[in-house]
Amino acid sequence: MNIFEILGPVMVGPSSSHTAGAVRIGNITRKILGETPVSAEILLHGSFSATGSGHGTDRAILAGLLGMEPDDGRIPHSEEQAKAAGLLWKFISCQLRDAHPNTAVLTVRAADGRTVKVQASSLGGGRIMVNQIDGIRVDFTGEKPTLIVQNEDKPGVLAAITYALSAQDVNIATLQLYRNQKGGYAFTIAETDSDIGEEVLRQLREMAGVLQVIRIASEEER
């Protein structure tokens with residue numbers, strides 16, 4: 001247990017689950033998309049739906065989509081910030097099967113038309129868990145340096161990814177692979193003990209079978 005877990009996050013808002021965690025859900029969705037979205041449809045499940053408005057969950061998610069962190073003083077005014085940025089958004093209440101009570105599903109669109117769908121849950125104390133990306137089950141928090149590689153599900157790709165990290169002395173703390181079907185598409189997710197440098201990202205992006213590479217910095221590096 002670290003000091004963050006004991007004291008809780010430095011944050012703006014009344015609730016670490018409904019506010020700080022919601023900011024991080026929006027923020028990590030923005031990083032997965034690779035830029036601030038131009039539109040967002042946001043489904044709120046469970047207590048996010050029931051009490052989220054009073055706790056500022058809606059404003060917190062918008063703040064995260066704009067790149068804010070939980071301690072940003074602009075969070076209470078994120079709707080005005082979103083309008084100024086040209087972001088269009090819609091919140092919808094929903095019921096999800098077997099989902100954590102504080103769960104949101106964000107479908108976001110980039111200026112070039114690319115879309116990403118992210119399902120994530122706020123676990124308390126400002127911590128989150130990303131549960132799905134584009135319908136493929138994943139499980140990661142984004143607290144450690146995290147590499148997300150979308151790749152074709154074929155022999156040799158996973159070995160090439162791990163070799164690229166090893167060659168640059170990046171030690172893997174956890175490694176997970178999720179796929180939609182045999183021979184389809186997969187997400188390879190590596191949480192590492194150190195930052196993932198530009199050379200690793202360049203090598204991965206040039207690999208056959210690799211479709212997208214996303215790097216998420218650790219909490220300490222933000």
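In this predicted model, the side chains of Asp153 and Arg179 meet in a salt bridge at 2.9 Å, N to O (a salt bridge being a side-chain nitrogen of Lys or Arg within 4 Å of a carboxyl oxygen of Asp or Glu). Asp153 sits in the loop between β7 (146–152) and α6 (157–167), while Arg179 belongs to strand β8 (residues 172–179), so the pair ties together parts that are 26 residues apart in sequence. Helices here are DSSP runs of H or I with at least four residues, and strands are runs of E with at least two, numbered from the N terminus. Asp153 is buried, at 19% relative accessible area, whereas Arg179 is partly exposed, at 46% (buried means under 20%, exposed over 50%, partly exposed in between, with a 1.4 Å probe and protein chains only).

The structure has 12 salt bridges. Another of them links the side chains of Arg202 and Glu199, at 2.5 Å, N to O. These two are 3 residues apart in helix α7 (residues 198–205), which means about one helical turn separates them. Both turn out partly exposed, Arg202 at 38% and Glu199 at 32%. Glu35, Asp112 and Arg114 are joined into one network by salt bridges that share partners.

Turning to the sheet, 6 strands make an open, mixed arrangement in the order β2-β1-β3-β4-β5-β6 (two strands pair if DSSP finds at least two bridges between them). β2 (88–94) and β6 (136–140) are at the edges with a single partner strand each, so one side of each lacks a neighbour in the sheet. Inside the sheet, β3 and strand β4 (residues 115–124) run antiparallel, joined by 7 bridges.

As for the interior, the largest nonpolar core counts 39 residues, and Ile133, Phe140 and Ile148 have the most contacts inside it. Such a core is a set of buried Ala, Val, Leu, Ile, Met, Phe, Trp, Tyr and Cys residues joined through side-chain atoms within 4.5 Å. Helix α2 (residues 16–33) gives the most to this core, with 6 residues.

How far can the model be trusted? The chain averages a pLDDT of 88, and 88% of the residues score at least 70 (pLDDT is the predictor's confidence in each residue, from 0 to 100). Over residues 1–14 pLDDT stays under 50. Where pLDDT is low, the predicted coordinates should not be read in detail.

Local features need pLDDT of at least 70 and side-chain atom pairs count only at 80 or more, while totals for chains, interfaces and linings use all residues. Residues are numbered from 1 along each chain as its sequence is written, and side-chain values use heavy atoms, leaving out hydrogens and water.

Note on methods
Contact means heavy atoms within 4.5 Å.
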